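Biologist: Could you walk me through this model, one term at a time?

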Amino acid sequence: MTRMILKRLGQGLLVLLVLETVTFFLIRLLPGHPFMGEKKLPDHVLQQLQASYGLDQSSLVQYGRYWWNMLVHGDLGPSLVKEGISVADMIGQSFPVSLQLGVIGMVISILVGIPAGIVAALYKNRWMDWWVMLVSMAGICIPAFVVAPLLGVGLGMNVPGLSVAGWDSPGCVVLPALTLGLVNAAYLARLTRGGMLEVLGQDFIRTARAKGAGPFRMVWKHALRGGLIPALSYLGPAFAAMITGSFVVETCFQVPGMGQHFVNATTDRDYFLIQGLVLFYGILIVAANLAVDLVQMAVNPRLRTES
């Protein structure tokens, strides 16, 4: 297991290096510059601004300085648009909000998607299976920017205590978390159904049925561990995406999370903020995938021998 963890960490570091390198040079190919505004700056002012942030040097020099500041000093750089605010401070202020939203959304996804997939597998090719798969397919096909307004109008305008905008009360959490949770629950339901059907067709399940095992005991004791493996593989990246990539939901409900920074940084050509967000998102993906690998090894003993 230790060898597997070290191998995954090495792969993760390589992925982060490639991801950050590609991002660094791609964003500098974007037209325009971070200091564009409604009023064009004089050339000498623009040159002074670029020099103060080191943008007047070559891309290779900027690249080396970026890694030096980050690895040696732990500095992700300042925001080029919001004066006096560092990238680390912006991530630190918005990450707790996105983390809370992502955790609640993931809990909703698990509580809805996994039981729905299990029920669909147990009632294969019957009306319960058809309804679960119909609803899950609709959840996959309908994007979040459609689900969010529908929930806002259908629930937010009619249920007391719910808010359709802001982040200043418990009622503000429900609708964005429900939007994220339902969209991801659709994927979980289909993955769980597929994994459960594969396990329920195995010989040991038929043996358990022949011995008189009831549906609950058969699922809980015999089929659940193996049937959840496809869903577990999805949960890691999905959780990281729900935390940092839910900018559509955060925009719809005016949630002050990290999602807004993804959009604003690209629009404003805020190089350092884009680099910091991509690096942070990559670290979350690597950590989530490593956690999923460890959980899968705990669930499936064969993976421990293969590693």
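Modeller: Happily! Helices (H or I, at least four residues) are DSSP runs, numbered from the N terminus, and the expected span of a helix is 1.5 Å times one less than its number of residues. This is a predicted model, where local features need pLDDT of at least 70, side-chain atom pairs count only at pLDDT 80 or more, and totals for chains, interfaces and linings use all residues. Residues are numbered from 1 along each chain as its sequence is written, and side-chain values use heavy atoms, leaving out hydrogens and water.

Biologist: How do you know what span to expect for α3?

Modeller: With 15 residues, α3 should span 21 Å at 1.5 Å a residue, and its 20 Å from first C-alpha to last is close to that.

Biologist: What puts the buried residues of α3 on the same side?

Modeller: Buried means under 20% relative accessible area, exposed over 50%, partly exposed in between (1.4 Å probe, protein chains only). In α3, Q62, Y63, Y66, W67 and M70 are buried. They cover an arc of only 130 degrees around the axis (using directions from the helix axis to the C-beta atoms), so they lie on the same side of α3. The face turned away carries the exposed L60, W68 and H73.

Biologist: Now the loop between α3 and α4, where S79 is found. Why is S79 called buried?

Modeller: Its relative accessibility is 1%, so S79 counts as buried. S79 is in contact (heavy atoms within 4.5 Å) with residues including Y53, M90 and D270, leaving aside neighbours within four places in sequence.

How values were computed:
Helix = DSSP H or I, 4+ residues; strand = E, 2+ residues; numbered from the N terminus.
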